[in-house]
Structures are given as C-alpha cells and as structure tokens.
Amino acid sequence: MRTSRRIAIAVGSALLLLGSTVPASAAPSPEIMSIEHDLQANDHTIGSQIRRVEGDTSTPESKAKAAQPQPEAGVLATVAGMDVASYQKNVDWAYWWGQGKRFVWTKATEGTSYKNPYFAQQYNGSYNQGFIRGAYHFALPNVSSGAAQADFFIDNGGGWSKDGKTLPGALDMEYNPYGATCYGLSQSAMGSWIRAFHDRYKARTGRWPVIYTSTSWWSTCVGTTQNFGGTVPLWIARYASTVGALPYGWGYYTVWQYTSSPLDQNTFNGAYDRLQALANG
C-alpha cells in the first residue's frame, strides 16, 4: 500500500473517531496531523520501497503458485504467512487465522527513533491466536551504526525467546525512502553495517537474525562484499510468478514475500514442523 493511500486511510479513520460533525473547512486536528507525520516521516513498512522501485507484478495465478511446494528445492509443503505494521492498527487475528495464515512478522522499530505504537496488540495478539510470530526492523544505515540499531530493535520488542512460537528478528534491508538508493554507503560499508547488526543481534539473543531484501537492492548495495548464507535465513521479496535469482551467498530462500496485494503475503519454504524448528533455533 503506497504512503499516500495509507495516509488517506489513517486520516479517514481518525475523522470517524472524531465524529461526523467536523466542518469541511475545519483545520486538521493535532491527532490527524500526528498520524500524517508518523506515516510520512517515520513508518516505512517492509517492502514499501521495493514495491516503489521494482513494482508489483503479482497476479492471482502467481499468488496461487507461490503457495505450492517449490520442486527445485525439494520442498514438500509450504506455510502461509503475512507481515503487518502500524498502518493496520489493531489487527483481527482470528480473521487472518481463519484465512489460513500461520506466521507473521510485525514491525517493531525503524532507525533508532521510531517504535510502532500498535506493536503490543499486533505482536502479542498474534501469539495469543496461535501464530508463530516475530518482529522486524526497518534499517536506516546512514543514521547510526548496525550495532546501535540492533540494540534499539532488541530493546523495543525485537528479541527472541525459545518458546516455540517466536521467530528470530528480521532485518529489513531495502531502498532508501529518503534519498540515495544505498543511503550514501559503498558496498563494503553497507556490508560491514549489516555484519555489525548481525553480530550484535547474535551476541544479545543467541540467534542470527533473518535478513529481508530483494536481489536487485542487494546486488546494487552489498554485492559480493559479505556472505551471510551460512548463518542467516533469507526472506526474499519479489512480487512476480517466481522468486528468480537470489542475492549473493544464498542457495535457497526460507521465506518469500510474493505479493503486496491486498496485503503483504508470504510463504514459508517448508512444512509447519520446519517453521517450528526455525522458531526453536
């Protein structure tokens, strides 16, 4: 969902909460202005910038195909999942459970200043419904170090516990919503930034993070400067009929975000017991 559409929905919802008697000429309330500022300046959802740059060419046929086992990897089953952020507000988890979704990642943080105000309902509500859940962090590599952002993420919901229902936190690496594609960093500097996040997350939680990205962004901004294939599960974004080529270092993907319509949908590349194994570590 594009930022302008999200703002319109959020503002409309706020107006409904405030009542239908607000004059058409009235200035926006502080609450509405706050929502607009949050969405414009701070809340970039996972895949939003990949969708902006690379587009979404998913179709009903490609969505159906994504849910099927991937024969080239010898996978016999898949698991349906989703991801959410603050623009969805309080999520009806019973509804999505009824739609067959069984795992979810919820946005927790961005950079070292933004925290999802709906995180508790989304993260705990999905858990209580039975979902295997995790949190994700939208990286801003030009504002602070990888270690600092890993700390901020962990301190605000992005940790991990061996309860069988909590996935390792995901690091969202994608196009810069504010400017230069690679945040002004060279490939080696970007690779080192991700390595710092990766190492700090492991040191504090005992687990390697999941990395979310697109092959195009990774090839442009990281290239072959770092290889995380031996430690990190890959969550690949490609809104098409196939995953296509994978980023350097990975021979297979763990999760595929295959569409953004009508919401971000994902498929786990394996049976439910393998999803449980990822949660358990």
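**Entry 1: strand E4 and its partners**

I began with strand E2 (residues 103-110), which pairs with E4 in the parallel sense over 7 bridges. The model I am reading is a predicted one. To fix the register, I looked up Phe 103 and found that its bridge partner in E4 is Ile 132.

I then turned to the other pairing of E4 on my list, with strand E5 (residues 170-172); this one is also parallel and runs over 3 bridges. Here Tyr 136 has Ala 170 as its bridge partner in E5.

I next asked how many residues of strand E4 (residues 132-138) are buried. The count is 7 of the 7, so E4 is largely enclosed by the rest of the structure. I noted the two directions separately: Ile 132, Gly 134, Tyr 136 and Phe 138 point one way, while Arg 133, Ala 135 and His 137 point the other way, and all are buried.

**Entry 2: Ser 126**

I located Ser 126 in helix H6 (residues 119-129). Is Ser 126 buried or exposed? Its relative accessibility is 0%, below the 20% limit, and therefore I record Ser 126 as buried. Setting aside neighbours within four places in sequence, I listed its contacts as Trp 93, Val 104, Gln 121, Phe 131 and Arg 133. Arg 133 had already appeared in my notes as a buried residue of E4.

**Entry 3: strand E9 and the hairpin**

I moved to strand E9 (residues 265-268), where Gln 265 and Thr 267 point one way and Asn 266 and Phe 268 the other way, all of them buried.

Strand E1 (residues 79-84) pairs with E9 in the antiparallel sense over 4 bridges. Strand E8 (residues 255-259) is likewise antiparallel to E9, joined to it by 4 bridges. I checked Asn 266 in both pairings: it is the bridge partner of Gly 81 and also that of Gln 257.

E8 and E9 form a hairpin, with 5 residues between them. In the loop between these strands I found Pro 262, which a cis peptide bond joins to Ser 261, with omega at about 0°.

**Entry 4: positive phi angles**

I looked up two non-glycine residues with positive phi. Lys 89 has a phi of about 55° and is placed in the loop between E1 and helix H5 (93-98). Tyr 183 has a phi of about 60° and is placed in the loop between E5 and helix H8 (187-205).

How does accessibility class them? Lys 89, at 22% relative accessibility, counts as partly exposed, whereas Tyr 183, at 5%, is buried.

**Entry 5: the largest pocket**

I recorded a volume of about 270 Å³ for the largest pocket. Which residues lie nearest its centre? They are Pro 233, Tyr 252, Thr 254, Phe 268 and Leu 278, out of 14 lining residues. Phe 268 I had already noted in E9, where it is buried.

Helix H10 (residues 272-280) gives the most to the lining, with 3 residues. By class, I find 9 nonpolar, 4 polar and 1 charged residue in the lining.

**Entry 6: the protein overall**

I closed with the totals. The secondary structure comes to 10 helices and 9 strands. Of the 281 residues, 51% count as buried. Among contacts with a separation of 6 or more, 68% are between residues 24 or more positions apart. The accessible surface is about 11,800 Å², and 53% of it belongs to carbon and sulfur atoms.

Note on methods: Residues are numbered from 1 along each chain as its sequence is written. This is a predicted model: local features need pLDDT of at least 70, side-chain atom pairs count only at pLDDT 80 or more; totals for chains, interfaces and linings use all residues. Side-chain values use heavy atoms; hydrogens and water are left out. Buried means under 20% relative accessible area, exposed over 50%, partly exposed in between (1.4 Å probe, protein chains only). Contact means heavy atoms within 4.5 Å. Accessible areas come from the Shrake-Rupley method with a 1.4 Å probe; for residues, only the protein chains shown count as cover. On a 1 Å grid over the protein atoms alone, a cavity is a set of points where a 1.4 Å probe fits but cannot get out, and a pocket is an open set with protein on both sides within 12 Å along at least five of seven lines; lining residues have an atom within 4 Å of a point. Grid points are joined across faces, edges and corners, and a volume is the space filled by probe spheres set on the points. Ala, Val, Leu, Ile, Met, Phe, Trp, Tyr, Cys and Pro count as nonpolar, Asp, Glu, Lys and Arg as charged, and the others, Gly among them, as polar. Two strands pair if DSSP finds at least two bridges between them.
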